[in-house]
Amino acid sequence: MADPGPVFDRLSRRFGPQHWWPAETPFEVVVGALLMAQTSWGNVEAAIENLRRAGLLEPRALASAPLGTVRALVRPAGLYRQKPGRLKGFCRHLLRASGGDLDRFFSRNFEAIRRELLGLEGVGPETADSILLYAGGFPTFVVDAYTVRIGQRLGWFTTDRYDDVKAFFESRLPRDVARYREDHALLVAHGKEICRPRPRCDACPLRRGCAYYQERKRRASP
Ligand code: SF4
């Protein structure tokens with residue numbers, strides 16, 4: 001049975017502590033997660049900084065800010081027609097559910113919160129789990145395109161179905177928030193730097209146990 005634990009240990013030795021998610025408050029984590037789609041973290045940071053300077057990095061202020069104002073501020077994060085609506089939609093939901101208090105919001109049942117998040121406009125499972133893991137402190141494994149690519153290449157699974165990939169990790173790793181946070185960040189680092197679309201296998205600390213690498217080697221041998 002594939003065991004991802006030793007692989008994460010190797011990635012940790014290669015990349016060191018990731019300290020992800022880089023945010024000052026849980027609300028900032030939520031805003032970052034909602035802005036993350038199809039852009040880089042640098043662009044998200046610029047958008048968050050604009051919101052901070054405008055005094056809008058707070059649920060009530062952001063919920064009541066004019067859409068046009070929010071659009072202008074988050075423009076660096078792209079998708080400026082969709083993302084402001086997602087931010088405001090989450091803030092309105094937060095105000096209804098807990099008066100804008102994130103601690104209260106997250107003090108409820110995990111499944112119920114996840115269902116609510118998935119019901120919000122523009123919130124898919126990756127965003128919902130990022131919010132729940134990094135802002136809410138729930139042990140829920142985040143799956144993204146890097147997770148799928150690396151897991152498939154290593155030979156851990158062939159599926160790209162979100163729930164199946166998530167279940168693969170959750171059934172093999174201890175349910176630990178700090179560990180899930182770090183492991184997700186390590187997969188992102190590995191997917192960005194080494195296991196890229198064109199993988200840099202010769203620089204990879206995982207190549208000995210990697211199905212993709214072994215197959216490539218087998219085909220290359222005479
Ligand atoms: S050996 Fe190559 S394909 Fe396998 S995990 Fe490393 S970089 Fe990715």
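User: Which residues surround the ligand, and what makes a residue count as near it?

Analyst: This is a predicted model. Around the ligand you find Arg153, Leu154, His190, Ile194, Cys195, Pro199, Cys201, Cys204, Arg207, Cys210, Tyr212 and Tyr213. A residue gets on that list because one of its heavy atoms lies within 4 Å of the ligand.

User: Which helices supply at least two residues of that shell?

Analyst: Two helices do: α10 (145-154) and α13 (211-220).

User: How do the shell residues divide into nonpolar, polar and charged?

Analyst: You get 9 nonpolar, 1 polar and 2 charged. Keep in mind that Cys, Pro and Tyr count as nonpolar here, whereas Arg counts as charged. Arg153 and Arg207 are both in the shell, and His190 falls among the polar ones because His is not named in the nonpolar or charged classes.

User: What is the space taken by the ligand, and why is it called a cavity?

Analyst: The ligand takes the space of the largest cavity. The word cavity applies because a 1.4 Å probe fits there but cannot get out, with the protein atoms alone on the grid. About 90 Å³ of space lies in this cavity, and the count of cavities of 30 Å³ or more comes to 1.

User: Which residues lie nearest the centre of the largest cavity, and which helix gives the most to its lining?

Analyst: The lining has 13 residues, with His190, Cys195, Cys201, Cys204 and Cys210 nearest the centre. Those five names also turn up in the shell around the ligand. Helix α10 gives the most to the lining, with 3 residues. By class, the cavity lining has 10 nonpolar, 1 polar and 2 charged residues.

User: How much space lies in the largest pocket, and what makes it a pocket?

Analyst: About 650 Å³ of space lies in the largest pocket. Of its 26 lining residues, Met36, Glu126, Asp144, Tyr146 and His184 are the closest to the centre. The label pocket fits because the set of points is open, with protein on both sides within 12 Å along at least five of seven lines.

User: Where does the lining of the largest pocket come from?

Analyst: Helices α2 (26-35), α9 (125-135), α10 and α12 (177-193) each chip in at least two residues. The largest share, 5 residues, is from α12. Split by class, the pocket lining is 14 nonpolar, 8 polar and 4 charged.

User: What makes the phenylalanine 141 and phenylalanine 169 pair stacked?

Analyst: The structure holds 16 aromatic pairs. For phenylalanine 141 and phenylalanine 169, the centres are 4.4 Å apart and the planes 5 degrees apart. The limits are 6.5 Å for a pair and under 30 degrees for stacked, so the label holds. The two rings sit 28 residues apart along the chain, phenylalanine 141 in the loop between α9 and α10 and phenylalanine 169 in helix α11 (residues 162-170). Both are buried, so each has under 20% relative accessible area.

User: Why is the pair of tryptophan 156 and phenylalanine 169 called edge-to-face?

Analyst: Their planes are 80 degrees apart with the centres at 5.7 Å, and edge-to-face needs over 60 degrees, so the name fits. Tryptophan 156 is in the loop between α10 and α11 and phenylalanine 169 in helix α11, so the pair ties together parts 13 residues apart in sequence. Tryptophan 156 is buried too.

User: Which residues do ring pairs link into a cluster?

Analyst: The cluster is made of Phe8, Phe141, Trp156, Phe157, Phe168, Phe169 and Tyr180.

User: How do you know whether glutamine 38 and leucine 79 are exposed or partly exposed?

Analyst: Glutamine 38 has 74% relative accessible area, and exposed means over 50%, so it is exposed. Leucine 79, at 28%, falls between 20% and 50%, so it is partly exposed. Neither is a glycine, but glutamine 38 has a positive phi of about 55 degrees and leucine 79 one of about 40 degrees. Glutamine 38 is in the loop between α2 and α3 (41-53), while leucine 79 is in the loop between α5 (67-74) and α6 (83-98).

User: Which peptide bond is cis?

Analyst: The one from tryptophan 20 to tryptophan 21, with omega near 25 degrees. Tryptophan 21 is in the loop between α1 (4-15) and α2.

Definitions and conventions. Residues are numbered from 1 along each chain as its sequence is written. This is a predicted model: local features need pLDDT of at least 70, side-chain atom pairs count only at pLDDT 80 or more; totals for chains, interfaces and linings use all residues. Side-chain values use heavy atoms; hydrogens and water are left out. On a 1 Å grid over the protein atoms alone, a cavity is a set of points where a 1.4 Å probe fits but cannot get out, and a pocket is an open set with protein on both sides within 12 Å along at least five of seven lines; lining residues have an atom within 4 Å of a point. A molecule sits in a cavity or pocket if more than half of its atoms lie within 2 Å of its grid points. Helices (H or I, at least four residues) and strands (E, at least two) are DSSP runs, numbered from the N terminus. Grid points are joined across faces, edges and corners, and a volume is the space filled by probe spheres set on the points. Buried means under 20% relative accessible area, exposed over 50%, partly exposed in between (1.4 Å probe, protein chains only). Rings of Phe, Tyr and Trp (its six-membered ring) pair if their centres lie within 6.5 Å; planes under 30 degrees apart count as stacked, over 60 as edge-to-face and the rest as tilted.
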